[in-house]
There are 2 protein chains.
Amino acid sequence: MPKLHWEDFQPGTVAVYGPRLVTREEIVAFAAEFDPQPMHLDEMAGSATLLGGLGASGWHTCCLMMRIIADGFLLNSTSMGAPGMEEVRWLAPLRPGTNIRVRSTVLDTRASKSRPEMGLAKMSFEVLDDKGAVLMAATTTFMLGRRQPGAGA
Amino acid sequence: MPKLHWEDFQPGTVAVYGPRLVTREEIVAFAAEFDPQPMHLDEMAGSATLLGGLGASGWHTCCLMMRIIADGFLLNSTSMGAPGMEEVRWLAPLRPGTNIRVRSTVLDTRASKSRPEMGLAKMSFEVLDDKGAVLMAATTTFMLGRRQPGAGA
């Protein structure tokens, strides 16, 4: 498969990556390491919270999203990374046993003003559960190498 | 130590938590699991990228920040979680061997309109290196239990 360049990211393009099964064991292990709030560690504790039961740390969902998009397209692209996340919204709990997918949408692209070899692609990512419900939504802008440096946007 | 409630979060309050040493081993292990881009796995590969060497995944920095603020104050509070992140900016590479700290600032607080038992606290978090340089900045709004439900904001 030829490597994806900035020119290959067309606004409006939608793709879905995954699935990836998320187990109780990994939810609890991640929380124990990075986010040991009770609702991410224990069903009983979680049931007394807004999550209404055991749910993954929102950061865990972010990390699983990252892995899915890395395997889905990013590792086969000229990505130079991203300067941050413009928004992350945790909309519904990620429960043990869920098969998640990530739906990506290219929102906008533009050439870099300062770097002729670089283009920017603003993308949204939605983490979906088995039924297609959106558990998390995030927006970021990737820096990508161009196939034709310096050409017009 | 008495549990922190919403009323204890006063705009303008600054605190610093940590330090936490970040090792090469954990940077590479995290990247291998969640963000296997070459610049997070290998010095040589990283040196050819914008990171200019091996640097932690931005998501790893987020997760380390989460753990530091959990231990720093969140686990000893009435926090009910956060609906997302309003912004995350990865400003400089997190290198192996760095002792990171997190500087928190309470930006704003307000009572919840719909839940008299809840208040909101908008906070910024900056991940600092040994010299105080800001490696990452993030903003979020926590939902916190109130000591006096329903009282005016």
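What follows is a walk through the fold of one chain, the way the two copies meet, and the core they share in this predicted model.

Start with chain A by itself. Its secondary structure adds up to 3 helices and 6 strands, and going along the sequence these come in the order β-α-α-α-β-β-β-β-β. Measured out along the principal axes, the C-alpha trace of chain A spans about 60 × 25 × 20 Å. Of its 153 residues, 37% count as buried. Contacts that reach far along the sequence are well represented: among those in chain A between residues at least 6 apart, 71% join residues at least 24 apart.

On the strand side of chain A, a good place to begin is S6(A), residues 134-145, which pairs with S2(A), S3(A) and S5(A). Strand S5 (residues 118-128) runs antiparallel to S6(A), and 11 bridges join the two. A:Leu128 of chain A sits opposite A:Val134 in S6(A). These two strands make a hairpin with 5 residues between them, and in the turn A:Gly132 has a positive phi of about 90°. S3(A) also pairs with S6(A) in the antiparallel sense, here over 5 bridges, with A:Met85 facing A:Thr140. S2(A) joins in too, again antiparallel, over 2 bridges; there A:Ser79 stands opposite A:Leu144.

Then there is helix H3. In chain A, H3(A) has 15 residues and reaches 21 Å from its first C-alpha to its last, close to the 21 Å expected at 1.5 Å a residue. The helix is mostly covered, with 12 of its 15 residues buried. Among those buried residues are A:Trp59, A:His60, A:Cys62, A:Cys63, A:Met65 and A:Ile69. The second copy tells a matching story: the end C-alpha atoms of H3(B), residues 58-72, are 21 Å apart, which agrees with the span its 15 residues should have. Because 12 of the 15 residues of H3(B) are buried, this helix is largely enclosed by the rest of the structure. The buried set in H3(B) includes B:Gly58, B:Leu64, B:Met66, B:Ile68 and B:Ala70.

Now for how the two chains relate. Chain A can be laid on chain B with an RMSD of 0.0 Å by a turn of 180° and a shift of 0.0 Å along the axis. That is the relation of a two-fold axis. In chain A, the C-alpha nearest this axis belongs to A:Glu87, at 2.7 Å from it.

The contact itself takes 23 residues from chain A and 23 residues from chain B. On the chain A side, helix H3 (58-72), strand S2 (79-81) and strand S3 (84-90) each supply at least two residues. S3(A) gives the most, with 7 residues. Sorted by class, the side of chain A that touches chain B has 14 nonpolar, 4 polar and 5 charged residues. The copies meet through the same surface, because 100% of the interface residues of chain A are also interface residues in chain B. Strand pairing crosses the boundary as well: S3(A) and S3(B), residues 84-90 in chain B, pair in the antiparallel sense over 4 bridges. One of these links has A:Gly84 with B:Arg89 as its bridge partner.

Both chains also show up in the nonpolar interior. The largest nonpolar core has 78 residues, and those with the most contacts inside it are A:Met65, A:Ile69, B:Met65 and B:Ile69. A:Met65 is one of the buried residues of H3(A). Setting aside its neighbours within four places in sequence, A:Met65 is in contact with A:Val102, A:Phe125, A:Val127, A:Met136 and A:Ala138.

A last stop is B:Leu120, which lies in strand S5 (residues 118-128) of chain B. With 20 C-beta neighbours inside 10 Å, B:Leu120 counts as buried, given that 20 or more is what the label asks for. Leaving out residues up to four places away in sequence, B:Leu120 touches B:Thr109, B:Arg110, B:Ser112, B:Thr141 and B:Met143. B:Phe73 is 47 residues from B:Leu120 in sequence, and their C-alpha atoms are 16 Å apart in space.

Definitions and conventions. Residues are numbered from 1 along each chain as its sequence is written. Chains are lettered from A and ligands numbered from 1 in the order in which they are written. This is a predicted model: local features need pLDDT of at least 70, side-chain atom pairs count only at pLDDT 80 or more; totals for chains, interfaces and linings use all residues. A nonpolar core is a set of buried Ala, Val, Leu, Ile, Met, Phe, Trp, Tyr and Cys residues joined through C-beta atoms within 7 Å. Two residues are in contact if their C-beta atoms, placed from the backbone, lie within 7 Å. Copies are superposed by least squares on the C-alpha atoms of residues with pLDDT of at least 70 in both. Ala, Val, Leu, Ile, Met, Phe, Trp, Tyr, Cys and Pro count as nonpolar, Asp, Glu, Lys and Arg as charged, and the others, Gly among them, as polar. Two strands pair if DSSP finds at least two bridges between them. The expected span of a helix is 1.5 Å times one less than its number of residues.
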